[in-house]
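Subject: Structure handover

Hi,

Here is the structure I said I would pass on. Please open it alongside this note.

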Amino acid sequence: MIFLGLKPLKVSEVNQYIKKVFLNDIILSSIKVEGEISNFKHHYSGHMYFSLKDEKSKLKCVMFRSDNQTVNFQLEDGLKVVITGYISVYEKEGNYQLYAKEIEKSGIGDLFIAFEEMKNKLEKEGLFDPINKKNIPSMPKKIGVVTSSTGAAIRDIITVIKRRYPIVDVLIYPVLVQGEQAACEICKGLSYLDERDDIDVIITGRGGGSMEELFAFNDEKVARTIFSMNKPVISAVGHETDFTIADFVADLRAPTPSVAAELATPELDKLNDNLKGKFNRLNKNFLYILNNNFIKLKYIKRGLIYYNPINQIKEKAQELDNIFKDLTNLIYNKINENKNYVNNLYSKINYLNPMSYLEKGYGLLLDEKGDMITSVNDINLNQGLYLIMKDGMLTLKVVKISKGEFLDE
C-alpha cells in the first residue's frame with residue numbers, strides 16, 4: 001500500500017503499479033467486450049490498432065501480429081465484434097487499452113448501417129452523379145474554408161496554400177466538426193461562403209477520426225447543402241481511407257486536407273516557369289514570323305519595283321522609242337527601196353523613150369495628126385510630115401516613096 005507523505009513516485013512507477021493492478025484484477029485480466037470497430041488501422045508492422053465503441057463510450061484496442069494471424073475475416077470500421085482479451089496499461093503513454101487475443105463477428109454497427117442507408121438513398125436521387133459535378137477553377141482569387149479553427153486541418157490547408165499559391169486570399173469560416181451542432185454549423189458556413197461573390201472555390205473537412213467523429217459529414221443536411229451550392233466544393237474529411245457522404249456529393253474529393261489545398265491551387269513557381277516557357281516560345285515564334293514576313297516584304301518590294309507602273313511606263317516608253325526607231329528605219333528602207341525601184345523604172349522608161357534617141361542624132365517622124373510614122377506604108381505622096389529633131393522640128397512633104405531601098409551616102 002502507498003501512503004501519503006512518503007517520497008513522490010516517478011511517472012513510470014505509477015504506470016507500472018496501475019498495470020499490475022489491472023493484471024491482478026480477475027475481470028480485467030480475462031474479459032469479453034462487445035462493440036463497433038472504429039478508426040481501424042493495420043500497421044505495416046502487422047499489428048492492428050482500432051477503437052471499440054458503443055453509443056456512449058469508446059475503448060482503445062490493439063491486436064498484435066502474433067494474435068491477429070488467426071482472424072479469418074476483414075476488420076473494418078463499422079463492424080460489430082466481440083473481443084476476448086485483457087485490459088492493461090501502455091506504460092509509455094499512460095493509456096489503458098484492450099489487448100485483443102481473439103475477435104468474433106457480432107454484426108454490423110449502427111453508425112455503419114446508417115451510413116450505408118443514407119449513401120444508397122442519396123445515390124438513387126442522383127446527388128453523386130458525375131454530370132452534376134462543377135469544375136474547380138484553375139487559378140482562384142479567393143478560397144473559402146469551412147472547418148475547425150483549432151484543428152490540424154486548417155493549419156495544413158493554410159500552410160500548403162501559402163507555399164504553393166501565396167497570392168490567393170483565404171477566408172475561414174470556423175465551425176464545429178463533430179458533435180450534435182456540427183452539421184448545422186457546417187451548413188451555415190457553406191451557405192454563407194456560397195452567397196459571397198468573391199469566393200471561387202470552397203474547401204470543407206477535418207482531420208482523421210473515428211466514424212462517429214466524422215459523422216457530421218455524413219449528415220443529410222450537409223449533403224443536400226453541398227449539392228445545392230453554386231460554388232464548387234472540395235471535400236477533405238479524414239485520412240486517405242476515410243470516406244463520408246460529403247465526399248460523394250462534393251465536386252471533388254481530397255483524401256486529406258493538405259491534398260485539398262493542393263487540388264484547389266496551382267503551384268505559382270510552376271505557373272511562372274510555364275509562363276516564361278510560353279513567353280520564350282511566343283517570342284521565338286514572333287521573331288520567326290517577323291523575319292519570314294520581312295523576307296516576304298522584301299520580295300513584295302522587289303515585285304513592286306519590277307511591276308511599278310512608272311517603271312512599266314518607262315520601259316514601255318523605251319520600247320516605244322525602239323519601235324519608233326525600227327518603224328522609221330523601216331520607212332526609210334521602204335522609201336529607199338521604192339526610190340531605187342522608181343529610179344530603175346525611170347532608167348528603163350528613159351531608155352525606151354523615143355526622145356532619148358534624139359540626143360543621139362536621130363529624128364522622129366510624125367504625120368499631120370502627130371502620130372509616129374514607123375513604116376513607109378503609112379506614108380502617101382505629097383503628104384505633109386513633121387520631123388522632130390533634138391533642137392527643133394521640120395515640116396516636110398513626101399515627093400517620093402522607095403520601099404526596101406536605102407539612099408547611098
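Below is what turned up, starting with the rings.

Keep in mind that this is a predicted model.

Aromatic pairs

The count comes to seven aromatic pairs. One of them joins Phe243 and Phe248. Their rings are stacked, with 5.9 Å centre to centre and 20° between the planes. The pair counts as stacked because planes under 30 degrees apart fall in that class.

How accessible are the two partners? Phe243 has a relative accessibility of 44%, and Phe248 has a relative accessible area of 25%. Both rank as partly exposed, because that class lies between the 20% limit for buried and the 50% limit for exposed.

Charges over these rings

Each ring of the pair also has a charge over it. Which charged end sits over the ring of Phe248? That of Lys119, 5.1 Å from the ring centre. Over the ring of Phe243 sits the charged end of Arg253, 3.9 Å from the centre.

Aromatic cluster

Elsewhere in the list, Phe64, Tyr86 and Tyr99 form one aromatic cluster.

Nonpolar surface patch

There is also a nonpolar patch on the surface. Its members are Leu9, Val14, Tyr17, Ile18 and Val21. Together they have about 400 Å² of accessible area. Val21 belongs to helix H1, which covers residues 11–24. Its relative accessible area is 39%, so Val21 is partly exposed. Val21 also clears the bar for a patch member, because that calls for over 30%.

Best wishes

Definitions and conventions
Residues are numbered from 1 along each chain as its sequence is written. This is a predicted model: local features need pLDDT of at least 70, side-chain atom pairs count only at pLDDT 80 or more; totals for chains, interfaces and linings use all residues. Side-chain values use heavy atoms; hydrogens and water are left out. Patches are made of residues with over 30% relative accessible area and no salt bridge: like charges are joined within 9 Å, nonpolar side chains (Val, Leu, Ile, Met, Phe, Trp, Tyr) within 5 Å. Accessible areas come from the Shrake-Rupley method with a 1.4 Å probe; for residues, only the protein chains shown count as cover. A salt bridge is a side-chain nitrogen of Lys or Arg within 4 Å of a carboxyl oxygen of Asp or Glu. Helices (H or I, at least four residues) and strands (E, at least two) are DSSP runs, numbered from the N terminus. Buried means under 20% relative accessible area, exposed over 50%, partly exposed in between (1.4 Å probe, protein chains only). Rings of Phe, Tyr and Trp (its six-membered ring) pair if their centres lie within 6.5 Å; planes under 30 degrees apart count as stacked, over 60 as edge-to-face and the rest as tilted. A charge sits over a ring if NZ of Lys or CZ of Arg is within 6 Å of the ring centre and within 35 degrees of the ring normal.
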